[in-house]
Amino acid sequence: MLNKRIIFALLFKDGFFHLSRNFRLQKVGDVNWLINNFGFGKTCDFIDELVCILVKKNPTKKDKIDFLNQIKIIRKKFFVPLTIGGGITCASDAKYYFLNGADKILINSKSSDKKLLRNISNLWGEQSITIMVDYQKDQNIKKDLNVYINCGSKKFMKLNEFKNKILNNITCGEIILNSMDNDGNGMGLDLQISKQFKKDLKSPLLLMGGAGKPKHIAEGLKLKNISGVVTANLFNFLGSGLEKSRETSFNSGVSLAKFEKKIEL
Amino acid sequence: MKKKIAILDIGYGNIASVINAVDYLGFEQKVEKDPNNIKNYTHLIIPGVGSFLVNSEIIHKNKWVEEIKKAANKGVYIFGICVGMQLMFTDGDEGGKTSKGLNFFSGNCKIFNNKKKLKLPHIGFNEVEHSNSKIWSGIPNKSSFYFVHSYRIKSTENKFKCGYTIYGEKFISFIEDNNIFASQFHPEKSHKVGLKLLKNFLSLK
């Protein structure tokens, strides 16, 4: 049977990886700093996938080169599936990321662009496209949720409308639902959101935003219609945090891959 | 004969990850874009990201099919990954029409049977029940490897050694026949077990 996934996300902007709290960024360090000070290498032994996102509005070519140079260091040392995103507006942007080691590309602001998604799908297959949906509670009507694009800076449409009009009609491999309200708060994932997606979607669904402890990851993975949990919480989950999350999830009855450690290379 | 390893750059594969894995394992490799040069190598890797249709059109337009087949007949070791594996079969449906593969193995690459309403693509680590052949040396049976695909090959002739995985149905996740090997999963993305499988392949002589 297929296992559920624990995915780690790295957010990059202007030369550094960042922590994010409600989409406000705090500089942490470059990739060498992550490896040397945060045990990033050990973290990779306990994740199913790594997502790297360039979290800058309208990034330039130089921004992308700087970003990919950091990823290059990761790619040479760690052999985990890699999704790369940020600033993809055309198929050639996607190609650039694929040529630089992406197994999948992540699309946020252009997720309603059916033509773009079809083009990418025709060339690399629909499994290669991850859609990231950043959503937040409406300021006035609290039960309403809105989808944001452009690194959370631009309100796009109501989540319900986005689900019916966009997500049900696009070509993609999987969907990450990222709660901007819970982003970086460490108080737990928005588990309720999964109820809104119980029946409709054919693509795997992942939750992101709010995991601060191993039990939060296990809670998300235990949901029947959730295929994986994504966390970008550097301080809580680097080092042994994800090893503990895996153990906690196993003990909660979640089916996760067991990575063989005693292989002689 | 000196070992010479090529990673084929047909145009759409994620070759960067395979290059890194081969480098990490301590083997020299060359990225080969010209099908005419294939004959110069002892080991070929055909990586895979991309749709069956696009890759099929590329290999049939250029001399890839002819040269890969010549190399296979000469005994060159060949390893196909993901779409690289699918291309080794008779044909595939991805991309809206049926297109031809290399036909090293008989079988059709079709979308998963979705009567059970499985989430597609099949993404993540899943177990491979393997044949314990030489290339699997040192790798426990039912180890987990990384998959990301919506199309699969369900069956082929009994004469080939296969590894199997279950996702709603049993499908072929690994196949070998003498010097030809292929995996639906990505060994270059599958932690140590994946690297070990690649190392076993690259060590063949």
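Start with chain B of this predicted model and select its open sheet, in which seven strands lie in the order β2-β1-β3-β4-β13-β12-β11 with mixed pairing. The edges of the sheet are β2 (29-32) and β11 (161-167) of chain B; each has a single partner strand, so one side of each is left without a neighbour in the sheet. From one strand to the next, the twist averages 20°.

**The hairpins at one end of the sheet**

Select β11(B) and β12(B). The two strands run antiparallel and are joined by seven bridges. Within this pair, look for T165(B), whose bridge partner in β12(B) is F171(B). One residue separates the strands, which form a hairpin, and G168(B) in the turn has a positive phi of about 75°.

Keep β12(B), residues 169-177, and add β13(B), residues 180-183. This pairing is also antiparallel and has four bridges. Two of the bridge partners to display are I175(B) with A182(B) and D177(B) with I180(B). Here too the strands make a hairpin, with two residues between them. Which residue in the turn has a positive phi? Select N178(B): its phi is about 55°.

**Chain B as a whole**

Now show the whole of chain B, which has five helices and 13 strands. Its radius of gyration is 16 Å, close to the 17 Å that the globule rule gives for 205 residues, so chain B is as compact as a globular protein of that length. Along the principal axes, the C-alpha atoms of the chain fill a box of roughly 50 × 40 × 30 Å. If you colour chain B by burial, 57% of its 205 residues count as buried. Contacts can be sorted by separation in sequence: among those between residues at least 6 apart, 68% join residues at least 24 apart.

**Where the two chains meet**

Bring chain A into view. In the contact between the chains, 37 residues of chain A meet 41 residues of chain B. On the chain A side, select α3 (61-77), α4 (91-99) and α5 (114-124), each of which supplies at least two residues that touch chain B. Which element gives the most to this side of chain A? That is α5(A), with three residues. Coloured by residue class, the side of chain A that touches chain B divides into 15 nonpolar, ten polar and twelve charged residues.

**The nonpolar core**

Next, select I105(A), L206(A), V229(A), L44(B) and I78(B). These touch the most other members of the largest nonpolar core, which has 151 residues. Strand β1 of chain A, residues 5-13, gives the largest share of this core, with seven residues. In soluble globular proteins, nonpolar side chains tend to be buried together.

Centre the view on V229(A). Leaving aside residues up to four places away in sequence, V229(A) touches I6(A), I7(A), L189(A), L206(A), L207(A), A211(A), I217(A), G220(A) and L221(A).

**A covered helix in chain A**

Finish with helix α7 of chain A, residues 214-222. Is this helix mostly covered or mostly open? It is mostly covered, with seven of its nine residues buried. To see them, select P214(A), H216(A), I217(A), A218(A), E219(A), G220(A) and L221(A). Then add β1, β11 (205-208), β12 (228-231) and α9 (241-251) of chain A, against which the buried residues of α7(A) pack.

Technical notes. Residues numbered from 1 in each chain as written. Chains lettered and ligands numbered in written order. Predicted model: local features only at pLDDT ≥ 70, side-chain atom pairs only at ≥ 80, totals over all residues. Rg over C-alpha atoms; globule rule 2.2 N^0.38 Å. Buried ≥ 20, exposed ≤ 12 C-beta atoms within 10 Å, placed from the backbone. Contact = placed C-beta atoms within 7 Å. Pairing = 2+ DSSP bridges. Axes fitted to C-alpha atoms, helices over the stretch in contact; angles between N-to-C directions. Nonpolar A, V, L, I, M, F, W, Y, C, P; charged D, E, K, R; others polar. Core = buried A, V, L, I, M, F, W, Y, C linked by C-beta atoms within 7 Å.
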